Amino acid sequence: MGSSDAGLGLLGISSAFEAAVFDALPDLVLAFDSARSTRPVVWSNAALIAAIGRNPVGEPLGSVLGGGAADVMDRAVRTRIGRASIGQSTLAFPGGHAERTLDTKVVRVGSDIVVWLATDRTAERAISRRHSDRLAARNDELQRSNFDLGQFALVAAHDLMEPLRMVTAYLDLLGELYGDRLDETGHQYLGFAVDGADRMRSLINALLALARVNGSAPPTDSVDLARVLADAADTVTIPLAESGAIQAPATLPTVRGDRGQLVQLFVNVLANAVKFSPDGPQITVSAAPDARAGLARISIADAGIGIAADKREAVFEMFRRLNPRTRYAGSGMGLAICKAIVDRHGGDIGVDAAPGGGTVVWFTLPIAPAIQNCNEGDHQ
Amino acid sequence: MTMNVLLVEDNPGDVLLTQMAVARSATDTNLAVAIDGTSALAYLRAQGEHSGRTRPDLVLLDLNLPDIHGHDVLSAMKNDPMLKTTPVLVLSSSSLPADIRDAYDSHANTYITKPAAIRDYDNVVRVIRSYWDGIAELPPGDA
């Protein structure tokens with residue numbers, strides 16, 4: 001092939017079989033004499049010969065590897081006999097060759113002879129970079145699309161409210177001005193119509209809330225979750241905070257987010273906890289750092305009726321209700337909106353069974369970057 | 001006190017609700033109705049068939065009008081030295097922050113989102129009357 005017998009001898013390779021194996025390797029392999037000042041190449045395999053377009057045996061290492069030779073020598077010096085030094089580099093073989101990305105190994109096989117092996121990763125790198133570029137572009141598209149859908153849903157929901165308002169107002173008037181002319185059945189029919197209109201209104205309001213989240217700008221303020229919890233508890237049921245129905249630590253993490261949306265998130269979760277605890281709410285709020293850096297994990301547990309294991313993903317769907325309307329009211333949008341808010345903040349959300357019955361709603365939010373205090377530190 | 005109000009509204013359902021609420025408020029309120037922007041401005045300027053009209057003390061303005069947007073009626077009023085002091089209460093079904101901001105940007109006096117229930121409509125009219133009659137001073141009438 002192009003390997004010299006003398007070179008192979010120096011490497012301790014004696015059989016034609018072994019020689020053939022080395023030559024057949026797709027990796028680029030050369031051996032050089034590190035004891036001589038010019039570091040001459042004593043052997044090179046077929047792949048390297050093909051890559052540089054010549055047989056480099058006899059040439060100084062520097063003329064084969066160009067600028068990369070110094071690094072290889074450094075590693076060779078530090079490597080003991082029988083050991084390998086592993087690294088990565090980008091290297092353009094001198095002579096106008098294109099740059100390659102290589103995983104390299106430097107092995108000292110004897111007191112003088114050092115072997116350099118390189119696996120070419122250039123093509124792989126290009127493919128994976130194309131993939132991640134494509135992913136990034138797709139992500140951008142999806143974000144824009146979500147935003148557009150949010151804007152569209154906002155306008156559509158508003159347009160739907162207008163005729164609905166007419167239905168509600170005039171059903172109302174019918175009942176008020178002509179109620180005495182209706183028999184019991186007539187009142188029942190009127191009741192169904194009013195109910196339908198009311199339900200439609202809360203569905204459209206819920207859709208509007210969802211659309212507003214999806215159509216909003218990325219959240220960037222620093223928000224103290226302890227204050228958010230306090231505000232949410234006030235909104236859900238006024239006595240909730242005082243009656244001891246909520247247990248929470250004195251402080252909660254400060255996160256990067258949109259204050260209004262975060263209050264909405266807590267309100268929806270707390271409202272569910274209250275609604276689905278027929279014996280009175282017992283809510284425990286806790287926070288912990290998430291396994292992933294930069295995220296805080298908040299858990300809100302109740303002691304209520306719980307959620308069946310096979311429904312724990314479905315609950316986050318839009319309009320998803322699990323109980324008959326006669327037992328628990330609601331549009332089925334509360335958790336869908338929670339999910340939209342958490343998604344918008346770059347976190348995750350899920351439900352688990354609480355130990356002892358009930359539900360735990362957990363979600364992760366990005367921790368706010370630490371604020372530089374002007375009074376501390378040396379220089380401004 | 002007698003109050004003259006111009007309602008600019010093209011939806012007959014909303015016109016009726018407002019008329020009903022005014023009647024039920026049991027106050028001395030004359031409600032004139034214009035069903036599009038062009039006739040609203042003609043009425044305000046006492047043009048043509050409206051030359052004998054009584055000058056409105058307040059204007060209730062819907063934004064969704066068939067010919068020109070309520071926003072443009074508002075701008076036209078605020079750019080007209082004869083009309084700009086008349087308080088305009090925008091009465092709109094939209095609760096979009098952009099619409100609210102635009103109205104105040106164009107110097108609307110108040111923005112009210114139209115209510116759905118009749119008793120809320122009653123309340124809106126009652127509160128408007130008691131505010132402009134009892135608390136706020138209207139701009140003095142023209143010569």
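This is a short talk on the cavity and the pockets in this structure.

Okay, so keep in mind that we're looking at a predicted model. Let's start with the enclosed space. There's one cavity of 30 Å³ or more, and its volume comes out at about 90 Å³. What lines it? On the list are M3(B), V5(B), T18(B), V22(B), T29(B), L31(B), L58(B), L60(B), V125(B), I128(B) and R129(B). In terms of elements, strands 1, 2 and 3 plus helices 1 and 5 of chain B each give two or more residues. Helix 5 of chain B has the largest share, with three. By class, you get eight nonpolar residues, two polar and one charged.

Now over to chain A and the open spaces. The largest pocket holds about 780 Å³. It has 40 lining residues, and those closest to the centre are N272(A), K275(A), F276(A), G334(A) and L335(A). Helices 7, 9 and 10 and strands 10 and 12 of chain A each put in two or more residues. Which helix gives the largest share? That's helix 9 of chain A, with eight residues. The whole lining splits into 22 nonpolar, 13 polar and five charged.

Last one: the second largest pocket, at about 280 Å³. Its lining includes N139(A), L142(A), Q143(A) and N146(A), along with P218(A), P219(A), D343(A) and R344(A). Helix 6, running 122–178, and helix 10 of chain A each supply at least two residues here, and helix 6 gives the most, with four. The class split for this pocket is four nonpolar, four polar and two charged.

Notes
Residues are numbered from 1 along each chain as its sequence is written. Chains are lettered from A and ligands numbered from 1 in the order in which they are written. This is a predicted model: local features need pLDDT of at least 70, side-chain atom pairs count only at pLDDT 80 or more; totals for chains, interfaces and linings use all residues. Side-chain values use heavy atoms; hydrogens and water are left out. On a 1 Å grid over the protein atoms alone, a cavity is a set of points where a 1.4 Å probe fits but cannot get out, and a pocket is an open set with protein on both sides within 12 Å along at least five of seven lines; lining residues have an atom within 4 Å of a point. Grid points are joined across faces, edges and corners, and a volume is the space filled by probe spheres set on the points. Ala, Val, Leu, Ile, Met, Phe, Trp, Tyr, Cys and Pro count as nonpolar, Asp, Glu, Lys and Arg as charged, and the others, Gly among them, as polar.
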